[in-house]
Amino acid sequence: MSPDPLKSLPELGVGLGYRDELHDDIVTCRDEIDWLEIVTDRYLLDPKQEVLRRLREDFVLVAHGLDMSIGSDAPLDLDYLEGVAAVADSVGAPWVSDHLCFTREHGVELHTLAPVFRTPERARTIAARAQAVQDRLARPFLLENITYYLDPPGAMSEPEFISAIMERCDCGLLLDLNNVAVNSANHGFDPYAYVDALPLDRVVQVHLAGAAPVAHDGMPVIDGHDWAVTDQVFNLLEYVASRHQLKGAMIERDQNFPSDFGELSDELRRTRTALAAGVEARSVS
């Protein structure tokens, strides 16, 4: 698969991460939501369950996974990959995504998204693994940047590392802008310079989320996906959209769900506004 299929992917618009706690509000407010992202791992045992069939009647569904462990030394978990493929096929997902990290090594389950050592050798290994995943899925496979609290030593910056991977495979990127904001605060880099250094032509989708404010000076910002999307993240979205045509942008909320869905409705509207402002800026530049 060449990079060209990324350009031919459908433009989905503004979406929301599907969570059981939000089901009733999502159904009631379906006209405010263009598409949904499901967490693949929750449906591996039953990829054709009724809730997915019903959701597919009203929404395009994109599959987002947690445990591909693309950065691991171990061989790909082919049983897991087959399960992901079954879910993606069941919902007709236009693309599938997972994280640029490792979640297991030498038979040990880490139960976290762990950052990899950023070396040219590791970039080549990850690119080959990602390409193998994409070939099996028979649809674009996107890698997502993660948050990290310990920055592992390596010969490359994160954008250089991501670029090296993309040069060696035909996969795409899922750019999590809240993760960029959190990492920039914790590790002291310019989030706009980070975005500028990425191969933006490979960015298919973006995630938007919020992190709780820092409670005490010197404490790190924690990425809990449990807070309202910040102005900084919306500004980053507009900046990315001003430089590249995105296929989809979506809100992630994993816990601390608002009692009033109007809060998420406002975020969906702000996402549309930021995307439109970015597109307008790109058209006049």
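**Aromatic contacts in a predicted model**

At 29% relative accessibility, Tyr-192 counts as partly exposed, and this residue returns in the second view below. The structure shown is a predicted model, and a search of the whole of it finds 3 aromatic pairs, two of which are described here, together with a contact between a charge and a ring.

**View 1. The edge-to-face pair of Trp-35 and Trp-95.** The ring centres of Trp-35 and Trp-95 lie 6.3 Å apart and their planes stand at 70 degrees, so the pair is classed as edge-to-face, for which the angle has to be over 60 degrees. Trp-35 belongs to strand β2 (residues 35–39), whereas Trp-95 is found in the loop between α4 (78–91) and β4 (96–99), and the pair thus links distant parts of the chain, 60 residues apart. Trp-35 is buried, with a relative accessible area of 0%, and Trp-95 is likewise buried, its relative accessible area being 0%.

**View 2. The edge-to-face pair of Tyr-192 and Tyr-239.** The two rings are 5.0 Å apart from centre to centre, with 85 degrees between their planes. Because Tyr-192 lies in helix α8 (residues 191–197) and Tyr-239 in helix α9 (residues 231–241), the pair ties together parts of the structure that are 47 residues apart in sequence. Tyr-239 has a relative accessible area of 25% and is therefore partly exposed, a class that lies between the 20% limit for buried and the 50% limit for exposed; Tyr-192, at 29%, is also partly exposed.

**View 3. Arg-118 over the ring of Tyr-148.** The charged end of Arg-118 is placed over the Tyr-148 ring, at 5.9 Å from the centre of that ring.

Note on methods: Residues are numbered from 1 along each chain as its sequence is written. This is a predicted model: local features need pLDDT of at least 70, side-chain atom pairs count only at pLDDT 80 or more; totals for chains, interfaces and linings use all residues. Side-chain values use heavy atoms; hydrogens and water are left out. Rings of Phe, Tyr and Trp (its six-membered ring) pair if their centres lie within 6.5 Å; planes under 30 degrees apart count as stacked, over 60 as edge-to-face and the rest as tilted. Helices (H or I, at least four residues) and strands (E, at least two) are DSSP runs, numbered from the N terminus. Buried means under 20% relative accessible area, exposed over 50%, partly exposed in between (1.4 Å probe, protein chains only). A charge sits over a ring if NZ of Lys or CZ of Arg is within 6 Å of the ring centre and within 35 degrees of the ring normal.
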